[in-house]
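Work through these exercises with the structure open beside you. Try each task before you read its solution.

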Amino acid sequence: MLAIALAFATPAAAQQRQFDIPSQPIAKAVAAFGRQAHVQIVAPADGMDGVLSGTVRGGLDAHAALQKLIAGTGLEIVSEDGGHVVLRRKKPRETGEATGETVPDRGAENSEIVVSGYRASLQSARTIKRRSDAILDAVAAEDIGQLPDNSATEALARLPGVEIFRNRGEGQSITIRGTSSVVTTINGQEAYTGASRRTLLNSYPAGLIKSMEVYKSLTPDLIEGGIGGEVNVQLREPLDLPIGLSVAGTLRGSYDDRAKKGFYNGDLLVSGHWQTGIGEIGAMVDASYTRRDYLEAYRENYTPETTKAGTIIPSAMLVKHIQGNYKRPVVTGELQWRPAYNLGMHVRVTNVTDDNTYLDNDFQTNIAATTALSNVVLVPGTNVVKSATFLATANSGPRSDFTHQRLDTTQIEYGANWNSGIATLTTSAVYTLSTIKTDQELFLLAFNAAPTVNADFQSDSRYGGLGYSYAGNVDVTDIDQFHVRAYSDERTRQKGNGIQWRTDLALDTGDGFFRNFKTGFRFTDRKTTYQDGTNLVSLSGPVSNYPGGANPIAVDSGFGGDDVTIPTSWASYPTALLGNAGNLQALNAYIQSLPGLSANFADNGRPAYNPLSSFSGREKTYAAYAQFKYGFGVFGVPIDGVIGARLVNTDLSIQGTEHIQSKVSGVWGPAMDVPIDGHQNYLDIDPSVSAVAHFTPNLQLRLSWTKTLTRPDFGNLNPSVTFAQATTAGGTYVGTATASGNPNLRPTRSKNYDASLEYYFWRAGQASVALFDRELDGFIVNTIQQYTPQGGTGIASVTMPVNAGKGHIRGVETAVSTFFDGLPGLLHNFGASANFTYVDTRQNLPATATAAALSGPSPGISKYVYNTSLFYDDGRFRARVAYGWRSGFTLSYNTSDPAHNLKWYPISRLDASMTYRFGRNLSLTIDATNLINKPQRSYWGTKAITDRVYYEGRVYSAALRFKF
């Protein structure tokens, strides 16, 4: 039993008091009752997230008000003495309801019913969705530090309308309803990484997250910037937890069967919640460490090309070995102080470090369109070459890549809130500092003598695609078969920092037509810098001549379980050595000492930054909004909703470099790099109208119309340009330029229409059908513009991106999830969920001077997606099997050869987990992901031309969770 409300110990039960407590999650309602009745109230805290209170308003004595508040919640009054009230859950036979998870202390006379696990997660997510003013879906933690999945992105992927892209052992980027233009917020404040406008959700470990809300329609009080919606990650706060000391943690060990490596992670939450003479005080530290080792591999036919004979062959063959690891220490700490029942404040600091090491190796064989082929066999009924023999080009051979990328993001937040009963005022200010440092070295080898290749481009193996071998006695495991062809060293530095401050005022205006009025403002001031430098040099000579080359590595291709013939291993340069700064400096110094290469690595042994690839910018936004919640009835049907608008002024300044060279009368003058600036200021008004018709207490229809925007990424706004102009002796002027970006790009804007029919049943059940339509304007395309660049003496032709394209995103979502509470016996411990999404995307890009017209689905978006899961939870033991499937999609467009766009086959995935609880405070979980382990595959326009067969690994995990 846990105290969850403040005490002012006065005889209050018999006094009439004014109450203003709307229906809300019971934990918050009980706390509000304690403050307004001036009593200390003790109630069960665990398992209360999914229970709603009654509404209590007006003058009542405390006992009558409390009875009204807890009616139908399953709570009852155990005792009340005027200053203190104790509540407990009714026993199952008294409520007549299914209890969810029960882990009783058999020796206790009055054991509580504690709801957690899958049931608590579904109840909490249902409550968030049901009570929201916007159309959303949610994922809630099953318990402290335990999302339904081990990754934030994997958990989101099970929601309707959400798709994720997996790479390097995990789900990474997400799309919502067919677009990746999504705002990410942490506790309601915008989060970003480096010079980008978004953050990577996979950087936030599941153990730190309380819940995630996916807003698919925005109300005016939500932050602008995402035509796809908003993902809000809610971290835990100390005053959410019981009074006293709370400790919870996870120790997890995992094994990847393709990498054949074990790895580990863990998290620990320590939180204190105290009643003191100066009010309630909470302090919390929540820390997590994640390490993941992975190995992925694919074999690929490059972009198709047509031979002189009219047959189609790939432009290259590739066998790639993707290996690496990431390490993510994350810590968040928070102090909360509530000096009075209606006043609170907090300070939170969160640091996320995402340290990635890539050790990629591949073997590339290049094929020129003029290559002579023999032993040619065609795919039946086509002009596609199935197999052939040919002499590889001389630049074919192994490539090894070492990349180290470190992301560091720190957020510092101060916030305060005040409540007067009818008015709630909140304010918060956040400072963000985020850096990304990337270093990449690429070492390329080539055959000393071009080998003869027996290629089976479209093999008859189980999954088709590339297979090949070398004729003769070619031993690719012998490093002496190769010489050094080229070397590249690149470094990129990004930094984003800024402040954001928002203040919101909500007024409860009663039960009339106007129910609630809310207004607020938000100011942001963000600076960003981006620098990039690359040196790519052609080399020669044996590998052993180069520092580190005397100890080559043998690369395993990583295709265990594949039945195709490909090189199973090959020799390559050990680029992992370059993770050491001394080794990298030694290699660069040696190359710099070679004839004709002294100008490279001019910045202390590293590439100098290229000013044309670099920029710095500052963006300020000023936003204000107003909205009101209304309510009325039509023929006995209650209707409520929100009407309002958000006004946003964006002021951008961005600096780059212009590289200019002029030719007069046949003589070129010196090239110059001069600063170039871009600036724009624009105003957006984004209205929002929504309505909810409550046909019954459990059936409601939502309708929504909104306008939203997505700003261009800073890289697209880079004003840098390479400009050349020439004036002949006769006065004829010719000027050409290529721009890195366009500082005058405007946001992509969208008009949105949404409808959602929702039915809530049993204790955790919900079913919904949603329709949506996004009408988009402002896609970015490249074209040639005619104007006079800075320093120009005439009108030049400038290749640059502009806003030109339009499109739409339309679709349907259906979802159902429930425990079978209405069934007898053990059956009520079973549950199931399923959702299906249909998305029709279309981008219509006009023809320009540099690109053909394009009309087709948005890249990377599946038209059909469904997820299903079956679960069991009896309190002591719970288990879940989850299956996801997405239909094929176009990954990229080949504008020069539209018949050969890159397309992906359907993708499916099966995961399973089970948990056994040894008591209230200790549990063991076993997980397995990617159980089907079917490779992902793609093709070029027609399935007769396989592009890629991509293998991932299965991951098995065991986790010990504890709390006390």
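**Exercise 1. Find the partner of the Thr350 side chain, then describe the setting of Thr350.**

Step 1. Start at the side chain of Thr350. It makes a polar contact with the side chain of Thr332, at 2.8 Å. Keep in mind that this is a predicted model.

Step 2. Place the residue in its element. Thr350 belongs to strand β20, which covers residues 343-366.

Step 3. Decide: buried or exposed? The cut-off for buried is under 20% relative accessible area. Thr350 has 4% relative accessibility, so Thr350 counts as buried.

Step 4. List the neighbours, skipping residues up to four places away in sequence. Thr350 touches Leu235, Val331, Thr332, Thr409, Thr410 and Gln411.

**Exercise 2. Do the same for Val802.**

Step 1. Locate Val802. Strand β40, residues 796-819, contains Val802.

Step 2. Check its cover. Val802 counts as buried because its relative accessibility is 13%.

Step 3. Look along the chain. Val781 and Val802 are 21 residues apart, yet their C-alpha atoms are separated by 5.6 Å.

Step 4. Collect the contacts, again leaving out residues up to four places away. Val802 touches Asn742, Leu745, Phe779, Ile780, Val781, Thr783 and Gln785.

**Exercise 3. Identify the hubs of the largest nonpolar core.**

Step 1. Recall the general trend. In soluble globular proteins, nonpolar side chains tend to be buried together.

Step 2. Name the hubs. The largest nonpolar core has 45 residues, and Met317, Phe457, Tyr468, Tyr487 and Ile591 touch the most other members.

Step 3. Look for another core apart from that one. Such a core has 24 residues, including Met212, Leu235, Val330 and Val352.

Step 4. Zoom in on Met317, setting aside neighbours within four places in sequence. Among the residues in contact with Met317 are Phe363, Ile367, Phe390, Val453, Phe457 and Tyr468. Glu300, Asn301 and Gln364 are also among its contacts.

**Exercise 4. Does the whole chain fit a globule or depart from one?**

Step 1. Count the elements. The protein chain has 6 helices and 51 strands.

Step 2. Compare the radii. A compact globule of 964 residues would have a radius of gyration near 30 Å; the chain has 31 Å, so the two agree.

Step 3. Add the box. Along the principal axes, the C-alpha atoms fill roughly 100 × 65 × 55 Å.

Step 4. Check burial. Of the 964 residues, 55% count as buried.

Step 5. Check contact range. Take the contacts with a separation of 6 or more: 71% of them join residues 24 or more positions apart.

How values were computed. Residues numbered from 1 in each chain as written. Predicted model: local features only at pLDDT ≥ 70, side-chain atom pairs only at ≥ 80, totals over all residues. Heavy atoms only, no water. Core = buried A, V, L, I, M, F, W, Y, C linked by side-chain atoms within 4.5 Å. Buried < 20%, exposed > 50% of the residue type's maximum accessible area, 1.4 Å probe, protein only. Contact = heavy atoms within 4.5 Å. Helix = DSSP H or I, 4+ residues; strand = E, 2+ residues; numbered from the N terminus. Polar contact = N/O pair within 3.5 Å; in protein donor to acceptor, adjacent residues only side chain to side chain. Rg over C-alpha atoms; globule rule 2.2 N^0.38 Å.
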